[in-house]
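Trainee: I have the model open and would like to work through its strands and helices. Can we take it piece by piece?

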Amino acid sequence: MVDALSHGGDRYEEARALLLLDQLPGVGLVTLRALVDAFGSAASALRSRGPDFRRFAGDEAERERGNSAWSRAVESGLEEAERLGMKVLTWLDRDYPGRLHNLHDPPPVLFLRGRAELLAGPAVAVVGSRRATSRARGVSERLGAALGHAGAVVASGLALGVDGAAHRGALSAAGATLAVLGRGADEAYPRTHRRLFEEIVSDGLVVSEFLPGTPPLPHHFPRRNRVLAALSGAVVVVEAGARSGALITVDHALDLGVDVWAVPGPIDLDACTGSNRLLADGARPLVSISSFVREVTGSEAPTAREAVPVGGSCAALLDRLGAETLHVDVLAARAALTPPATLVLLTQLEASGLVEQLPGMRFRRAA
């Protein structure tokens, strides 16, 4: 069921018209908004006289609006949305996130899979490089888990590297996470994240402004990033090179007045050039996960006495940590684990209040 978007109803026709106009060559989101403002609705714009439509949309869009191929594509996408149980919102619906209206080019239609209620409040966006270092993936996963434990919604873009780690961290803590896609919400992108995508559909929320079946074209990702920024109350850049796409999310966040944080990294590491530059330009430094979570959520991580029981690999790792302060690489060697696997376990222990992190990726038992 596509959330009462019954075929032939007014909501269906308006959503169909918005999507069809968005498909037409030469009609971007700003032009689409101008058409709706001029004619009162997308459906009215689509039915308008040729000269009137051409005045706003241009000659090419006027020639193509009668092409039945566009209508068939839109109707096929809406049928797929219904088959997959997506909720479809237009920018006129009461459930449409008000924060998106702060964009100068808000998405006219949203396709939602999963827990639509996660759009009710601002999320914390965790973003960064797809080719992230193991250090960055570990920080991202621990940050996602800590935010999930504190009840925050963790938002990211389902990409490789930092994004995927943040989603996994939130899910590992039974927390809430939402993924904003640069393609239709019918399939995962990248495909290697299919299982993660399915977990988010099941336990979190997948959001896309693109019609089901739409491929992941390069120009879709800047559009994805502006939605991610607008849905968030804070944006954290875990690691970004000089030309990372995560910096586009930052630009939108700054335009919207959203707080931007960055994790400091080694100054001689190219992977950290962009995120370190953000710090030089005034982004807030994230030097303690627990302090950051406390500030943005108002919640404390559970104390050791309140923590959930720890067993298995976590308990074994905690035993090896003892009373010492150890670097993650040393601890990983003692436990016969890889550093990334060790960081995943440390995430759970830190979120449970049993371990605390010190500068330089060193860890100790919590007091």
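Mentor: Start with one pair of residues. This is a predicted model, and in it Leu89 stands opposite Leu110 in S2.

Trainee: How many bridges join S1 to S2, and in which sense do they run, parallel or antiparallel?
Mentor: The pair Leu89 and Leu110 is a place to look. Strands of a sheet pair through backbone hydrogen bonds, either parallel or antiparallel. For S1 and S2 the count is four bridges, and the sense is antiparallel.

Trainee: What is the strand order in the open sheet?
Mentor: The sheet has nine strands, and its pairing is mixed. S1 (87–90) and S9 (284–285) stand at the edges with a single partner strand each, so one side of each has no neighbour in the sheet. Reading across, the order is S1-S2-S6-S5-S4-S3-S7-S8-S9.

Trainee: How many of the six residues of S2 are buried?
Mentor: Buried here means under 20% relative accessible area. S2 is largely enclosed by the rest of the structure, because the buried count out of six is five.

Trainee: Which residue of S6 stands opposite Arg113?
Mentor: S2 and S6 run antiparallel and are joined by four bridges. On the other side of the order, S5 and S6 pair in the parallel sense over three bridges. Ala179 stands opposite Val206 in S6. Arg113 also faces Val206.

Trainee: Which residues of S6 point the other way from Leu205 and Val207?
Mentor: In a regular strand the side chains alternate between the two faces of the sheet. Leu205 and Val207 share one direction, and all four residues named for S6 are buried. The residues pointing the other way are Val206 and Ser208.

Trainee: At about what angle does helix H9 run to S6?
Mentor: Helix H9 (residues 194–203) lies across three strands. They are S2 (109–114), S5 (176–180) and S6 (205–208). To S6, the angle is about 105 degrees.

Trainee: What is the bridge partner of Val127 in S7?
Mentor: Strand S3 covers residues 123–127 and S7 covers residues 232–237. Five bridges join these parallel strands. The partner of Val127 is Val237.

Trainee: Now the helices. Which hand does the crossing of H7 and H13 have, left-handed or right-handed?
Mentor: Two packed helices are described by the angle between their axes and the distance between the axes. H7 (residues 134–149) and H13 (residues 289–297) have axes 10 Å apart and an angle of about 40 degrees. The two are therefore oblique to each other. The crossing is right-handed.

Trainee: How many nonpolar residues does the contact of H7 with H13 have?
Mentor: H7 brings Val139, Arg142, Leu143, Ala146 and Leu147, while H13 brings Ile289, Phe292, Val293, Val296 and Thr297. One polar and one charged residue take part. The nonpolar count is eight.

Trainee: How far apart are the axes of H10 and H11?
Mentor: H10 spans residues 220–230 and H11 spans residues 246–256. They pack at an angle of about 45 degrees, which makes H10 oblique to H11. Their crossing is right-handed. The axes are 8 Å apart.

Trainee: How many polar residues does the contact of H10 with H11 have?
Mentor: Pro222, Asn225, Arg226, Leu228, Ala229 and Ala230 of H10 meet Ile248, Thr249, His252, Ala253 and Leu256 of H11. By class, seven are nonpolar and one is charged. The polar count is three.

Trainee: At roughly what angle do the axes of H1 and H2 cross?
Mentor: H1 covers residues 10–23 and H2 covers residues 29–39. Their axes come within 9 Å and cross at roughly 135 degrees. That makes H1 oblique to H2. So the angle asked for is roughly 135 degrees.

Trainee: How many charged residues does the contact of H1 with H2 have?
Mentor: Leu18, Leu21 and Asp22 in H1 meet Leu29, Leu32, Leu35 and Val36 in H2. Six residues are nonpolar and no residue is polar. The charged count is one.

Trainee: Is Leu354 buried or exposed?
Mentor: Leu354 sits in the loop between helix H16 (339–351) and strand S11 (355–358). Its C-alpha atom is 5.1 Å from that of Ala366, 12 residues apart along the chain. The relative accessible area of Leu354 is 17%, and the cut-off is under 20%. Leu354 is therefore buried.

Definitions and conventions:
Residues are numbered from 1 along each chain as its sequence is written. This is a predicted model: local features need pLDDT of at least 70, side-chain atom pairs count only at pLDDT 80 or more; totals for chains, interfaces and linings use all residues. Side-chain values use heavy atoms; hydrogens and water are left out. Two strands pair if DSSP finds at least two bridges between them. Contact means heavy atoms within 4.5 Å. Axes are lines fitted to C-alpha atoms, for helices over the stretch in contact, and angles run from 0 to 180 degrees between N-to-C directions. Angles under 35 degrees count as roughly parallel, over 145 as roughly antiparallel, 65 to 115 as roughly perpendicular and the rest as oblique. A crossing is left-handed if the near helix is turned anticlockwise from the far one by less than a right angle, and right-handed if clockwise. Ala, Val, Leu, Ile, Met, Phe, Trp, Tyr, Cys and Pro count as nonpolar, Asp, Glu, Lys and Arg as charged, and the others, Gly among them, as polar. Buried means under 20% relative accessible area, exposed over 50%, partly exposed in between (1.4 Å probe, protein chains only).
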